[in-house]
Every structure is written in C-alpha cells, then in structure tokens.
Amino acid sequence: WDAQRSAHHWSAKGSTMSDASINASTIREDEASFGDYFALLKPRVMSLVVFTAFVGLLAAPVGVHPVIGFCAVLFIAIGGGASGALNMWWDADIDQVMKRTKSRPIP
C-alpha cells in the first residue's frame with residue numbers, strides 16, 4: 001500500500017459498507033494474480049530446460065540417487081524460472097513496444 005491508500009483506508013474505517021467495497025475492489029485490481037506469477041517463470045522455456053536436465057540424468061554413465069536427481073531437476077527448474085523473471089524485468093521497456101510481448105506481467 002502506498003501512503004495515500006493507507007491514509008484513505010484508515011480515514012474511511014467508519015464509513016459505509018459500499019465505500020469499503022469500492023476501496024477493496026480498486027486495490028485488488030493492482031495486485032498480481034497467480035497467473036501473473038506463473039507467467040513470470042516462462043513455463044514453456046522452463047519445461048525445455050527441465051526436460052534437458054532430466055534426459056541428462058538418464059543418460060549419465062553412472063546411476064544417480066533418486067533424491068539427488070529430484071533435487072537437481074527441482075533446482076534447475078527454480079533457476080530457469082528465476083532467469084525468466086529476470087529476463088522479463090530486464091526487457092520490460094522493450095516488451096511494451098512489441099505487439100507479441102505487450103501483455104507480459106511486468107509493466
């Protein structure tokens with residue numbers, strides 16, 4: 001919350017129910033949804049990275065313990081998702097200009 005919303009929220013505490021519902025709906029419009037956070041991970045790109053890691057584990061010349069293999073794939077997925085989010089942040093100014101990337105979650 002920024003200072004203006006916070007001040008309005010506390011001053012409107014004794015107001016009618018309709019004012020509170022209007023204020024709540026305006027604040028919720030600015031919040032990110034689960035879909036926005038999921039889109040930050042670039043799931044299509046991340047799935048290719050995870051698939052490549054999984055195939056690499058299967059093709060390894062020695063056996064890999066299942067827990068270590070699971071952790072490796074999980075951490076590779078987390079790293080791939082984090083790099084997708086950083087990429088969207090870095091290219092946010094370019095994404096606003098391009099038609100294909102205009103609707104990405106980072107403004």
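Analyst: Helices are DSSP runs of H or I with at least four residues, and strands are runs of E with at least two. The model discussed here is predicted.

User: How many helices and strands are there in the chain?

Analyst: The chain has 6 helices and 0 strands. Read from the N terminus, its elements follow the order α-α-α-α-α-α.

User: What makes F34 and F38 an aromatic pair that is stacked?

Analyst: A pair of aromatic rings is described by the distance of the centres and the angle of the planes. The structure holds 2 aromatic pairs. In the pair formed by F34 and F38, the centres are 6.4 Å apart and the planes make an angle of 20°. Rings pair if their centres lie within 6.5 Å, and planes under 30 degrees apart count as stacked. The values for F34 and F38 therefore satisfy both conditions.

User: Where do F34 and F38 lie in the chain?

Analyst: Both belong to helix 3, which covers residues 34-40. They are 4 residues apart, about one turn of the helix.

User: Why is F34 called exposed, and why is F38 called partly exposed?

Analyst: The relative accessible area of F34 is 69%, and exposed means over 50%; F34 is therefore exposed. For F38 the value is 42%. Partly exposed covers the range between under 20% and over 50%, so F38 is partly exposed.

User: Why does K42 count as buried?

Analyst: K42 has a relative accessibility of 19%. Buried means under 20%, so K42 counts as buried. K42 is located in the loop between helix 3 and helix 4 (43-58). When neighbours within four places in sequence are left aside, K42 is in contact with G84, N87, M88 and R104.

User: What share of the chain is made up of buried residues?

Analyst: Of the 107 residues in the chain, 15% are buried. The accessible surface of the chain is about 8400 Å², and carbon and sulfur atoms account for 69% of that surface.

User: How do you know that I78 is exposed?

Analyst: I78 has a relative accessible area of 52%. The cut-off for exposed is over 50%, so I78 is exposed. This residue is part of helix 5 (residues 66-90).

User: Which residues form a nonpolar patch on the surface together with I78?

Analyst: F70, L74 and F75 form the patch with I78, and the accessible area of these residues together is about 440 Å². Residues of a patch need over 30% relative accessible area; the 52% of I78 therefore meets this condition.

Conventions: Residues are numbered from 1 along each chain as its sequence is written. This is a predicted model: local features need pLDDT of at least 70, side-chain atom pairs count only at pLDDT 80 or more; totals for chains, interfaces and linings use all residues. Side-chain values use heavy atoms; hydrogens and water are left out. Patches are made of residues with over 30% relative accessible area and no salt bridge: like charges are joined within 9 Å, nonpolar side chains (Val, Leu, Ile, Met, Phe, Trp, Tyr) within 5 Å. Accessible areas come from the Shrake-Rupley method with a 1.4 Å probe; for residues, only the protein chains shown count as cover. A salt bridge is a side-chain nitrogen of Lys or Arg within 4 Å of a carboxyl oxygen of Asp or Glu. Buried means under 20% relative accessible area, exposed over 50%, partly exposed in between (1.4 Å probe, protein chains only). Rings of Phe, Tyr and Trp (its six-membered ring) pair if their centres lie within 6.5 Å; planes under 30 degrees apart count as stacked, over 60 as edge-to-face and the rest as tilted. Contact means heavy atoms within 4.5 Å.
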